Amino acid sequence: MIRPILIHPDPRLKKLCEPVAGITRELGKLAEDMLQTMYDAPGIGLAAPQVGITRRLIVMDCVKGENETPRPMALFNPEITWSSEELSTYEEGCLSIPDQYAEVQRPAEVRVRWLGLDGTEQEEQFSGLWATCVQHEIDHLNGKLFIDYLGPLKRQMITRKMEKLKRERARQG
Ligand SMILES: [Zn+2]
């Protein structure tokens with residue numbers, strides 16, 4: 001089931017999300033819906049607060065190219081256990097801030113520990129686009145958006161554009 005994606009500004013995107021105690025059937029369904037919503041958008045990552053659920057769950061798939069095997073991932077309670085000193089810069093976007101992109105600098109590699117869909121603890125080191133994506137999505141669980149890394153003027157300009165977009169969408173029904 002494709003779920004509607006919240007558009008910034010929205011108070012639900014600014015909340016600190018709650019960890020999950022275990023993987024229930026309902027949470028499994030939520031992860032499945034979020035992956036479907038992400039692929040449909042299309043996007044490479046999505047966090048639960050973006051569909052209005054303030055729980056610590058992110059999904060992602062940064063595999064590029066039509067001939068490569070997709071790698072859908074669902075990470076419950078993801079935690080960064082190590083970050084590289086080396087930084088990298090990517091032009092980021094967000095499904096909650098459509099058509100707006102800006103360069104953000106983050107650690108180039110991170111190790112992340114999480115609870116998988118099967119309830120087991122997993123840990124993996126991410127680099128490249130995966131590292132950027134997982135950090136961007138974990139930020140969402142702490143109420144942080146990529147525009148929070150930008151200067152106040154740029155951030156306000158983007159926020160005003162999103163307010164206008166929301167008014168237009170509301171008018172169209
Ligand atoms: Zn985002």
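# Exercises on a predicted model

The largest nonpolar core has 30 residues, and those with the most contacts inside it are Met 34, Leu 57, Ile 58, Val 59 and Val 134. The structure is a predicted model, and the exercises below start from this core.

## Exercise 1. The nonpolar cores

Task: Determine which helices and strands supply at least two residues each to the largest core, and which gives the most.

Solution.

Step 1. List the contributors. H1, S1, S2, S3, S6 and H2 each supply at least two residues of this core.

Step 2. Identify the leading contributor. H2 gives the most, with six residues.

Step 3. Examine one of the residues with the most contacts inside the core, Leu 57. Apart from neighbours within four places in sequence, Leu 57 is in contact with Val 20, Leu 27, Leu 30, Ala 31, Ala 48, Ala 74 and Phe 76.

Step 4. Look for a further core. A second, separate core has seven residues, including Leu 13, Ile 97, Phe 146 and Ile 158.

## Exercise 2. The five-stranded sheet

Task: State the order of the strands in the open sheet, and explain why one side of S1 and of S7 is left without a neighbour in the sheet.

Solution.

Step 1. Write down the order. The five strands run S1-S2-S3-S6-S7, with antiparallel pairing.

Step 2. Find the edges. Strand S1 (45-47) and strand S7 (121-127) each have a single partner strand, so one side of each has no neighbour in the sheet.

Step 3. Consider the twist. On average, neighbouring strands of this sheet are turned by 40° against each other, direction ignored.

Step 4. Take one pairing in detail. Strand S3 (residues 73-83) and strand S6 (residues 109-115) are antiparallel and share five bridges. Phe 76 stands opposite Leu 115 in S6.

Step 5. Add the helix that crosses the sheet. Helix H1 (residues 25-40) lies across S1, strand S2 (57-60) and S3, and runs at about 40° to S2.

## Exercise 3. A residue on an edge strand

Task: Classify Gln 122 as buried, partly exposed or exposed, and describe its surroundings.

Solution.

Step 1. Locate the residue. Gln 122 belongs to strand S7, which stands at an edge of the sheet.

Step 2. Apply the cut-offs. A residue is buried at 20 or more C-beta neighbours within 10 Å and exposed at 12 or fewer. Gln 122 has 15 such neighbours, so Gln 122 counts as partly exposed.

Step 3. Name the contacts. Beyond neighbours within four places in sequence, Gln 122 is in contact with Trp 114 and Gly 116.

Step 4. Give a distance across the sequence. Pro 78 is 44 residues from Gln 122 along the chain, and their C-alpha atoms are separated by 9.4 Å.

## Exercise 4. Helix H2 and the annotated residues

Task: Decide whether H2 is mostly covered or mostly exposed, and place the residues annotated in UniProt.

Solution.

Step 1. Describe the helix. H2 has 14 residues and reaches 21 Å from its first C-alpha to its last, close to the 20 Å expected at 1.5 Å a residue. Just after H2, Gly 143 takes a positive phi of about 75°.

Step 2. Count the buried residues. H2 is mostly covered, since 11 of its 14 residues are buried; among them are Trp 130, Val 134 and Leu 141.

Step 3. Consult the record. The unreviewed UniProt entry gives the annotation "binding site" to Cys 94, His 136 and His 140. They span 47 residues in sequence, yet no two of their C-alpha atoms are more than 10.2 Å apart, so they gather at one spot. The feature "active site" is placed by the unreviewed UniProt entry at Glu 137.

Step 4. Compile the residues of H2.

| Residue | C-beta atoms within 10 Å | Contacts beyond four places in sequence |
|---|---|---|
| His 136 | 24, buried | Gly 45, Glu 92 and Phe 146 |
| Glu 137 | 22, buried | Gly 45, Ala 47, Ile 58 and Met 60 |
| His 140 | 23, buried | Ala 47, Pro 49 and Gln 50 |

Step 5. Place Cys 94. Strand S4 (residues 87-94) pairs with strand S5 (residues 97-107) in the antiparallel sense over seven bridges. The bridge partner of Cys 94 in S5 is Ile 97, and a hairpin of two residues joins S4 to S5. Ile 97 is also included in the second core.

Definitions and conventions. Residues are numbered from 1 along each chain as its sequence is written. This is a predicted model: local features need pLDDT of at least 70, side-chain atom pairs count only at pLDDT 80 or more; totals for chains, interfaces and linings use all residues. UniProt positions are given in the numbering used here, feature names are shortened, and annotations may be inferred rather than shown by experiment. Two residues are in contact if their C-beta atoms, placed from the backbone, lie within 7 Å. Two strands pair if DSSP finds at least two bridges between them. Helices (H or I, at least four residues) and strands (E, at least two) are DSSP runs, numbered from the N terminus. Axes are lines fitted to C-alpha atoms, for helices over the stretch in contact, and angles run from 0 to 180 degrees between N-to-C directions. A nonpolar core is a set of buried Ala, Val, Leu, Ile, Met, Phe, Trp, Tyr and Cys residues joined through C-beta atoms within 7 Å. The expected span of a helix is 1.5 Å times one less than its number of residues.
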